Amino acid sequence: MGSTITEKILALHAGRDTVKPGELINAGIDVIMCHDVTTTPAIDMMKANGDLHVAYPERVVIMPDHFVPNKDIKSAEMVAKIRRWAKEEKIDKFYDIGRHGVCHALLPEQGHVRPGTTIVCGDSHTCTHGALGAFATGIGSTDLAAALATGELWFKVPESILFRINGALPKGVYAKDVILYIISQIGVDGALYKAMEFTGDVIDFLSVESRMTLCNMAIEAGAKTGIINPDETTLEYVRAHSNEHFDVFHSDPDAEYSQIIDIDVTNLEPMVALPHLPSNGKPVSQAGNIPIDQAWLGSCTNGRIEDLRKAAAVMRGNKVAKGVRMIVVPATTQIWKQASREGLLDIFMEAGATVSAPTCGACLGGHMGILAAGERCISSTNRNFIGRMGSPESEVYLASPATVAASALEGKIANPTTYKQD
Amino acid sequence: MNGSAHVYARAHINTDEIIPARYLNMDQEKDLACHAMEDIDTDFIKKVQKGDVIVAGEDFGCGSSREHAVWALRGSGIQAIIAESFARIFYRNCINNGFPAIECPGIGKKINTGDRLTVDLSKGKIYNETQNTEYNFLPIPDFAREIIDAGGLLKAIAKKGKL
């Protein structure tokens with residue numbers, strides 16, 4: 001019996017020939033990413049438990065993103081504490097304001113994600129990096145402290161579900177629609193504790209950025225990670241962003257899966273996930289008349305250059321509907337600059353949107369676009385839980401950047417397929 | 001362990017409901033505790049007593065990796081969570097904190113808010129004194145028990161000098 005890519009990466013990092021689902025292992029961690037929200041408790045815990053120090057500072061990458069540029073005194077104090085600690089621990093990979101960005105967009109962009117590696121972060125959307133054939137998973141602050149102090153973590157080897165995604169994506173239908181459709185089919189715990197491995201013609205055709213959108217939302221089905229076997233598209237991306245060595249692993253043809261799910265996307269329509277679960281996905285055409293107050297474009301799910309291009313294509317020469325606030329948040333400094341060079345920011349501003357500095361911001365109800373009671377927002381983000389973007393009495397609708405843009409123009413949830421696509 | 005039950009039988013109670021992200025500019029247990037469960041039950045923090053237990057449906061703690069969710073509940077006085085199942089990162093966070101996360105399929109429909117419960121971790125039993133009945137739960141795995149007994153993962157590491 002062969003192994004999956006997930007099992008192979010974990011076996012290598014546990015110093016084993018093979019591992020099987022259900023086994024408990026200690027695995028070495030190659031990249032430990034730290035952001036502003038979950039790192040300060042880890043620092044306190046390390047100090048309180050025998051004054052533990054960072055075992056391998058060169059493996060640590062610090063990327064404050066949630067409440068930056070700092071929204072209040074408390075969040076400023078958190079990042080100040082992390083800056084002091086990074087200095088004490090001689091961690092030099094620190095992406096502060098001016099080089100900053102949403103961590104899951106910034107980490108691969110800056111060349112810290114390579115196939116075959118293990119990556120952890122105190123953030124549930126760490127599964128994004130499986131798009132490049134790495135084993136990447138979200139952890140809490142205690143695990144973060146343990147990984148920082150020892151360079152290892154305990155894992156239960158997950159079973160894998162194989163999603164074979166075939167057919168041809170219709171015009172105006174994107175990776176976001178595919179993952180919203182998958183979650184609508186399997187539910188928010190449909191892949192609980194498991195690895196979601198994506199394969200098929202559609203994946204072969206997708207850009208690395210679109211693959212990141214897909215893997216990013218694996219956690220919204222409860223998964224430990226999302227992962228895609230590296231191909232030429234992957235290698236081209238990684239070589240363009242990193243000079244460091246990496247090992248490429250692929251799932252064996254006779255690898256064992258707990259489930260195989262076949263999906264044909266040929267007739268898939270743009271999707272929208274209604275409040276208050278990401279699994280409430282419906283085709284936009286069946287959502288009915290849903291007026292909106294705000295349209296939010298950004299986040300680790302859909303704040304990359306490709307996403308901004310798709311939204312801009314829809315919006316070029318058009319105006320945001322009266323009474324709608326559109327907020328565009330390029331995910332990283334580089335993406336912001338690139339969007340500026342391409343004239344995308346002008347398109348958004350001319351349409352009547354505003355453009356903010358990179359931040360997670362309102363995606364998790366932090367700042368930069370918080371909702372009042374009774375307000376509705378269509379958002380290119382990943383969660384529509386109660387109170388996620390502000391008031392517990394507000395509503396969040398999840399969709400692709402193109403659908404967010406079309407909805408901003410029409411003032412209600414709208415189908416992007418009638419607009420020009422990038 | 002002995003305390004009153006607070007039942008939230010709905011599936012998928014997520015970490016944004018347990019501790020909304022607008023409070024994540026704080027990380028001290030006592031500060032977070034003031035806002036525990038705020039977006040689904042504004043009265044929770046007024047009702048909860050030290051030693052009480054949360055009883056929940058499937059996939060409790062789904063969503064974000066914020067360990068603040070565990071700290072908010074522990075800080076409010078909750079001493080254990082009994083759920084039909086747990087989301088993965090929340091479960092890890094409980095174990096790593098030495099905080100009992102007890103899996104008991106079907107439990108959400110059997111216990112009422114206010115029932116007095118006694119939990120025996122070593123026997124794998126929950127005694128419901130109000131209804132005069134008992135339930136068996138899935139044994140906490142040995143490795144998790146070791147971490148809980150050590151008082152949490154960091155304490156275990158500090159003691160052993162390694163993971």
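**Exercise 1. Determine in which loop of chain A Pro69(A) is placed, and state what is unusual in the peptide bond that leads to Pro69(A) from Val68(A).**

Solution. Begin with the location: Pro69(A) sits in the loop of chain A between β3 (60-62) and α3 (73-88), where helices (H or I, at least four residues) and strands (E, at least two) are DSSP runs numbered from the N terminus. Then turn to the backbone, in which the bond from Val68(A) to Pro69(A) is cis, with omega near -20°. For background, most peptide bonds are trans, and most residues other than glycine have a negative phi. The structure is a predicted model, in which local features need pLDDT of at least 70 and side-chain atom pairs count only at pLDDT 80 or more, while totals for chains, interfaces and linings use all residues. Residues are numbered from 1 along each chain as its sequence is written, chains are lettered from A and ligands numbered from 1 in the order in which they are written, and side-chain values use heavy atoms, with hydrogens and water left out.

**Exercise 2. Find which residue is joined to Pro275(A) by a cis peptide bond, and which phi Met37(B) has.**

Solution. In chain A, Pro275(A) is joined to His276(A) by a cis peptide bond with omega about 0°, and His276(A) belongs to the loop between β11 (271-273) and β12 (281-283). In chain B, Met37(B), although not a glycine, has a positive phi of about 60°; Met37(B) is found in the loop between α2 (29-33) and α3 (44-47) of that chain.

**Exercise 3. Describe how α2(A) and α5(A) pack, giving angle and axis distance, and decide which class of orientation applies.**

Solution. Helix α2 (residues 36-48) and helix α5 (residues 141-150) of chain A pack at about 60° with their axes 8 Å apart; axes are lines fitted to C-alpha atoms, for helices over the stretch in contact, and angles run from 0 to 180 degrees between N-to-C directions. The two helices are therefore oblique to each other, given that angles under 35 degrees count as roughly parallel, over 145 as roughly antiparallel, 65 to 115 as roughly perpendicular and the rest as oblique. For the contact (heavy atoms within 4.5 Å), α2(A) provides Thr38(A), Thr39(A), Pro41(A), Ala42(A), Met45(A) and Met46(A), while α5(A) provides Ser141(A), Thr142(A), Leu144(A), Ala145(A), Leu148(A) and Ala149(A).

**Exercise 4. Characterise the interface of chain A with chain B by its residues, its buried area and its salt bridges.**

Solution. First, chain A gives 51 residues to the contact and chain B gives 41 residues. Next, the area buried between the two chains is about 3,800 Å², with 61% of this coming from carbon and sulfur atoms; buried area is the accessible area (1.4 Å probe) that two parts lose on being put together, summed over both. Of the area that chain A buries against chain B, 17% is supplied by Thr142(A), Trp154(A) and Tyr193(A), more than by any other three residues. Finally, two salt bridges are counted between chain A and chain B, a salt bridge being a side-chain nitrogen of Lys or Arg within 4 Å of a carboxyl oxygen of Asp or Glu. Asp143(A) forms a salt bridge with Arg92(B), in which the closest N and O atoms are 2.6 Å apart.
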